[in-house]
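Biologist: I should be grateful for a close look at one part of this structure. Please begin with the surface and then follow the chain to the charged contacts beside it.

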Amino acid sequence: MTLDRQRIVAEALALLDDEGLDGVTLRKLAVRLDVRQPSLYWHLPNKAALVTAIAEAILGQEFGELEPPAPGESWQDWLTVLAERLRRALLAHPDGARVLSASQLSVKMADISEQAMSALVAQGIPLHRARVIVLTVERFTVGHVLEEQAPRPAPDELKGFDMEAFTEQHPTVIAGITEYFRPGRTVDDLFTECLAVVIAGAAAVTN
């Protein structure tokens, strides 16, 4: 089978799914493709270029065509859906947020930002404010997913942790977590509500 960039990136994405970002190396990728590692350099000169290509692939799976807001649709509603799609794209692969954060220049992410800023400007938001709003929403979303995808401590790593003392020292934190995650509520709800606060704050500033 001919070795081309598309095949390399597809296999790199499969390697990411299997081993996470730390397991994605040019050496392992060459083994999976059954080629010599130097042959990869014709298409991707280094690890940074590989990570950026993976980021493009991750975003490309969720963002095919980018559509502006429909007639009558508020920029707040449109931007909310955009952020939800970005989160969904990153969660679709292990370390998706880390990959995007580590990418050097994602053209697809730039396309998303361009569409988002243009949508806000078209609805009367000044360019400077539109850029700040879009940047804030994008960084909130990526940061949120970074935390969602961060490794959790194994049970043996929690040995010696005094949960009773922690609860006594942080009663409001524990009460808030317990109250929020009542039956039927999920981490998706948490993202949606946090995002609503971010966008509502942005809207308040523009009014």
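Modeller: The model shown is predicted. On its surface, Val173, Ile177, Phe181 and Val187 make up a nonpolar patch, and together they offer about 330 Å² of accessible area. Valine 187 belongs to helix H10, which covers residues 187-206. Because the relative accessible area of valine 187 is 45%, between the limits of 20% and 50%, this residue counts as partly exposed.

Helix H10 also packs with another helix: its axis and that of H7 (residues 127-149) come within 11 Å and cross at roughly 165°. Angles over 145 degrees count as roughly antiparallel, and H7 and H10 are therefore roughly antiparallel to each other. Their crossing is right-handed.

Both helices carry a salt-bridge partner of arginine 87. Aspartate 188 pairs with arginine 87, with their closest N and O atoms 2.8 Å apart. This contact links distant parts of the chain, since arginine 87 lies in helix H4 and aspartate 188 in helix H10, 101 residues apart. Glutamate 148 likewise forms a salt bridge with arginine 87, the closest N and O atoms again being 2.8 Å apart. Here the link runs from glutamate 148 in helix H7 to arginine 87 in helix H4 (residues 75-91), across 61 residues.

The three side chains vary in exposure. Arginine 87 is buried because its relative accessibility is 8%, under the limit of 20%. Aspartate 188, at 40%, is partly exposed, and glutamate 148, at 24%, is partly exposed as well.

Methods. Residues are numbered from 1 along each chain as its sequence is written. This is a predicted model: local features need pLDDT of at least 70, side-chain atom pairs count only at pLDDT 80 or more; totals for chains, interfaces and linings use all residues. Side-chain values use heavy atoms; hydrogens and water are left out. Patches are made of residues with over 30% relative accessible area and no salt bridge: like charges are joined within 9 Å, nonpolar side chains (Val, Leu, Ile, Met, Phe, Trp, Tyr) within 5 Å. Accessible areas come from the Shrake-Rupley method with a 1.4 Å probe; for residues, only the protein chains shown count as cover. A salt bridge is a side-chain nitrogen of Lys or Arg within 4 Å of a carboxyl oxygen of Asp or Glu. Helices (H or I, at least four residues) and strands (E, at least two) are DSSP runs, numbered from the N terminus. Buried means under 20% relative accessible area, exposed over 50%, partly exposed in between (1.4 Å probe, protein chains only). Axes are lines fitted to C-alpha atoms, for helices over the stretch in contact, and angles run from 0 to 180 degrees between N-to-C directions. Angles under 35 degrees count as roughly parallel, over 145 as roughly antiparallel, 65 to 115 as roughly perpendicular and the rest as oblique. A crossing is left-handed if the near helix is turned anticlockwise from the far one by less than a right angle, and right-handed if clockwise.
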